[in-house]
Amino acid sequence: MISLAEGLSELTRLIERGTGHLPAEQIERALVLKERAVERQNAGLDTTVVALLGATGAGKSSLVNGLAGAEVSTVTARRPTTRSPLAVSPAAHPELLDWLDIPDRVSVPMPWATHADRLVLLDLPDIDSSEAEHRLIAERMAEIVDVLIWVLDPQKYADAVVHEDFLSKLSEHGAVTLVVLNQIDRVAPTDRPGMLRDAQRLLAADGLDAELIATSARTGEGLDELTGRINAIASSQAADAERLAADLRTLGAELSTGLGTDPAGLTKRARADIASAVASGAGVDRVARAAGGSYRYRSRKHVGWPPLRWVRGVRVDPLKALHLLGRSEESAPAVTGARATPASEAQVRSAIRTATEQAASGMPPAWRRDAVEEAENRADVVLDRADAMIGRADLGQRTTPGWWKLGGVLQVIALLIAVAGLAWLGVLWGLSILQFPTGDVPMVGPFPMPTALLAAGLVLGAILTIVLRWCASVGAGRVERRVRKQLTGQIHGVVDEHLLRGIDAELERYREISGLARRLETVKAPA
């Protein structure tokens, strides 16, 4: 349970947090209730306003005359009877009656009232009046007065208009509601107990725990009991607070019914699924493979067989094909060549939609739909941010491992050995053509030294090429795994900042509003 002051504070927060999310008519009701509480306080809390309401022929005016002890209200059988609200009180209460907008006022002593100067009786137009304006007046007064006395006709006490349009909506107002079965003198004494039990049953069906009093304005039966109850309520000077607390509870119950249950929220698996979908849509796998391919491409340019390195020059670095080569963090493009295709973007939106729908389960359909649409609308922002992040990422394109230099030197040495052997053989061939003596050629086992040098250089170059290509492949695999892990981690951060936090905030806003509504259901008036 929370106090009335706390309830009003929660009402203010609910208006602030719920505007734009709760239905406009509910926000309007909350604003009216807040404004009414302030105006009622300014109009004076020490006076209790008691209104008599009922359908045509229930005898409201006669009952008001009986309570006032004078003919203050016109009694007629014609419809409608009471045409405008009438205020009856020993004192003037101008500010209060001006706020209630009641121009017709009568001053009578009402000696039965213990605190007559703090009591105002209102005779209101019929709630089933043929004049629409009269019903609107009755409905407006029923929403703002402190105490409601519903006057029922014993022949029409089950009137659907009274029960369905009014009493069934007052389940929280039992403490400030009295129900009078008037004109009881028209009912045979033997039939009265059964009629009262049936009327009480109907009130229970309405959810209204209100006291039922049988009265007769003509004979005075039950008037002492009724005035006693009015006295007790007025003497406590808590009717206005109890009425406001009941209104807050009613609003809270209505909101809670429409809000449903707390949403499930985003699970760890759902967060991972969204991040994985965005990473895939942003082209992380493609970039990682391109980074590995770029490493392999550049390594072969450094350590490949020198005579064939020119072949590398006519090919394109895989990172360059994605516009990711040779860019600094400051000059990184907003859009890279790795940006998602329409098909993959659709998969990203589908993943976001599925996860958000599951996270928002329990929320009202309209609110859940808005949450899903808002999350889906962030897909483009997240993909743009992910693409920009990839453009700034370190993909290893400026890395030059030390083994490239060593491998390149070894390849040059192998080439020089082969070239030396080939040149030596060329010289020997030229001398033999010119028929100059060549002298003894050094031997390496059964092979002449020049031939051995040429063969050794070529074999060494082939072996180095095979080994260094294997090293390049291993290094490329490591770069691919590192880049994939790096980009995936960074994209998780982008997704969390630009998508998941927004979803969490929307769900938390819903939980907060739902919690405020539930707290309003527990407002208790000061004792």
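A residue counts as buried when its relative accessible area is under 20%. With that cut-off in hand, the helix α2 of this predicted model is a good place to begin. Its buried residues are Q26, I27, A30, L33, R36, A37, R40 and A43. These residues pack against a varied set of neighbours: the helices α1 (4-18), α4 (94-100), α5 (132-144) and α9 (239-259), together with the strand β2 (48-54). The length of α2 can be checked as well. Helix α2 covers residues 24-43, and at 1.5 Å a residue its 20 residues should span 28 Å; the C-alpha atoms at its two ends are 28 Å apart, so expectation and model agree.

Helix α2 also matters for the open spaces of the model, and here the pockets come in. The largest pocket has a volume of about 600 Å³. It is lined by 24 residues, of which R29, E143, K169, R243 and T250 are the closest to its centre. At least two lining residues come from each of α2, α5 and α9, and α2 gives the most, with 7 residues. Sorted by class, the lining of the largest pocket holds 12 charged, 8 nonpolar and 4 polar residues.

The second largest pocket has a volume of about 330 Å³. Among the 21 residues that line the second largest pocket, L4, L8, A37, R40 and L244 are the closest to its centre. Two of these names are already familiar, as A37 and R40 appear in the list of buried residues of α2. The helices α1, α2, α5 and α9 each supply at least two residues of this second lining, and the largest share, 6 residues, again comes from α2. By class, the lining of the second largest pocket has 11 nonpolar, 8 charged and 2 polar residues.

The strand β2, one of the partners of the buried face of α2, leads on to the strand β6. Strand β6 runs over residues 147-152, and 6 of its 6 residues are buried. V147, I149 and V151 point one way from β6, while L148, W150 and L152 point the other way, and all of them are buried. On one pairing, β6 meets β2 in the parallel sense over 5 bridges, with A51 standing opposite L148. On another, β6 runs parallel to strand β7 (residues 177-181), to which 5 bridges join it; there, I149 has L178 as its bridge partner.

Enclosed spaces are the next topic. Rolling a probe the size of a water molecule over the atoms shows where empty space is left. In this model the count comes to 2 cavities of 30 Å³ or more. The largest cavity has a volume of about 50 Å³, and its lining is made up of A55, T56, A58, V151, L152, D153, K156, D159 and V162. Two of the lining residues, V151 and L152, belong to the buried set of β6, where they point opposite ways. The lining of the largest cavity divides into 5 nonpolar, 3 charged and 1 polar residues.

The second largest cavity has a volume of about 40 Å³. T356, A371, E374, A375, R378, G502, I503 and E506 form its lining, and the elements that give two or more residues to it are α15 (365-377) and α18 (449-520). By class, this lining has 3 nonpolar, 3 charged and 2 polar residues.

Helix α18 returns in the surroundings of α17, since the buried residues of α17 pack against α11 (284-303) and α18. Those buried residues are W404, G407, G408, Q411, A414, A418, G421 and L428. Helix α17 takes in residues 402-433, and at 1.5 Å a residue its 32 residues should span 46 Å; the end C-alpha atoms lie 47 Å apart, which agrees. Why does L428 count as buried? L428 has a relative accessible area of 17%, and the cut-off for burial is under 20%. L428 and G439 are 11 residues apart in sequence, with 9.5 Å between their C-alpha atoms. Just after α17, Q435 takes a positive phi of about 60°.

How values were computed:
Residues numbered from 1 in each chain as written. Predicted model: local features only at pLDDT ≥ 70, side-chain atom pairs only at ≥ 80, totals over all residues. Heavy atoms only, no water. 1 Å grid on protein atoms, 1.4 Å probe; cavity = no way out; pocket = protein on both sides within 12 Å on 5 of 7 lines; lining within 4 Å. Points joined across faces, edges and corners; volume = space filled by probe spheres on them. Nonpolar A, V, L, I, M, F, W, Y, C, P; charged D, E, K, R; others polar. Helix = DSSP H or I, 4+ residues; strand = E, 2+ residues; numbered from the N terminus. Expected span 1.5 Å × (residues − 1). Buried < 20%, exposed > 50% of the residue type's maximum accessible area, 1.4 Å probe, protein only. Contact = heavy atoms within 4.5 Å. Pairing = 2+ DSSP bridges.
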